[in-house]
Amino acid sequence: SVAVNYRERLGLDLLWIADEKGILLADAQERAHAGFDAAGLAPLDAALQGRPAAVVNELGGALYQLAAVPVRAPDTIGYLLAGLAIDDATAAQLRRETGSEVSFVSGGRLLAS
């Protein structure tokens, strides 16, 4: 319920809560299961190593702008992984703002345009 509350209040499309080792504790939309080892997933892998962590990554066939931040109390006790979907609406907004046609492709597949 905490993950769902944060996701809704922040207007996010994805919110995961992981422990200090990167093991998933909660997914606000229940797409991934608790116990999933997300430690190798960008940007969580960078956050675990103490580096700034924001990337564009494909998850489950969809593209997301993701950021990972530590949860401290005062030592790191876990991580939040937050994401915004990159979709056709995102590409259309970029076209309006820049005047350029925009497409997002991953692995030879068109994900948004």
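Start by selecting Gly-99, which comes just after helix α3 and takes a positive phi of about 80 degrees; helices here are DSSP runs of H or I with at least four residues, strands are runs of E with at least two, and both are numbered from the N terminus. Because this is a predicted model, local features are described at pLDDT of at least 70 and side-chain atom pairs count only at pLDDT 80 or more, while totals for chains, interfaces and linings use all residues. Residues are numbered from 1 along each chain as its sequence is written, and side-chain values use heavy atoms, with hydrogens and water left out.

From Gly-99, go back to the start of α3 (residues 88–98) and select Asp-87, where a side-chain oxygen reaches to within 3.2 Å of the backbone nitrogen of Ala-89.

**The sheet**

Next, colour the strands: 5 of them form an open sheet in the order β2-β1-β5-β4-β3, with antiparallel pairing, where two strands pair if DSSP finds at least two bridges between them. The edge strands, β2 and β3 (54–59), each pair on one side only. Averaged over the sheet and ignoring direction, neighbouring strands are turned by 30 degrees against each other; axes for such angles are lines fitted to C-alpha atoms, for helices over the stretch in contact, and angles run from 0 to 180 degrees between N-to-C directions. Now add helix α1 (residues 2–10), which packs on the sheet and touches β1 and β2, its direction making about 140 degrees with that of β1; contact, here and below, means heavy atoms within 4.5 Å.

Within the sheet, select β1 together with β5, which run antiparallel and are joined by 6 bridges. Along this pairing, Leu-14 has Gly-83 in β5 as its bridge partner, and Asp-19 stands opposite Gly-78 in β5.

**The hairpin and Val-71**

On moving to β4 and β5, you will find a hairpin with 3 residues between the two strands, which pair in the antiparallel sense over 10 bridges. Select Pro-74 in the loop between them, and look at the peptide bond that leads to Pro-74 from Ala-73, which is cis with omega near -15 degrees.

Val-71 is a useful next stop, in strand β4 (residues 62–72), with Gly-78 as its bridge partner in β5. Setting aside neighbours within four places in sequence, Val-71 is in contact with Thr-76, Ile-77, Gly-78, Tyr-79 and Leu-80. Is Val-71 buried or exposed? Val-71 counts as partly exposed because its relative accessible area is 29%, given that buried means under 20%, exposed over 50% and partly exposed in between, with a 1.4 Å probe and protein chains only.

**Trp-16, Phe-36 and Asp-27**

Select Trp-16 and Phe-36 together, which form an aromatic pair that is edge-to-face, at 5.9 Å centre to centre and 80 degrees between the planes. Rings of Phe, Tyr and Trp (its six-membered ring) pair if their centres lie within 6.5 Å, and planes under 30 degrees apart count as stacked, over 60 as edge-to-face and the rest as tilted. This pair links distant parts of the chain, with Trp-16 in strand β1 and Phe-36 in the loop between β2 and α2, 20 residues apart. Trp-16 counts as buried because its relative accessibility is 8%, whereas Phe-36 is partly exposed with a relative accessible area of 32%.

Keep Trp-16 displayed and add Asp-27, which is in strand β2 and counts as buried at 10% relative accessibility. The side chain of Asp-27 makes a polar contact with the side chain of Trp-16 at 3.3 Å, and also reaches the backbone nitrogen of Ala-32 at 2.7 Å. A polar contact is a pair of N or O atoms within 3.5 Å; within protein, one must be able to donate a hydrogen and the other to accept it, and residues adjacent in sequence count only if both atoms are side-chain atoms.

**The cores**

Finally, show the largest nonpolar core, of 17 residues, in which Leu-14, Trp-16, Leu-44, Leu-59 and Leu-81 touch the most other members; such a core is a set of buried Ala, Val, Leu, Ile, Met, Phe, Trp, Tyr and Cys residues joined through side-chain atoms within 4.5 Å. The elements giving two or more residues to this core are β1 (14–19), α2 (44–48), β4 and β5 (76–86). Apart from this core lies another, of 7 residues, among them Ile-86, Val-102, Leu-111 and Ala-112.
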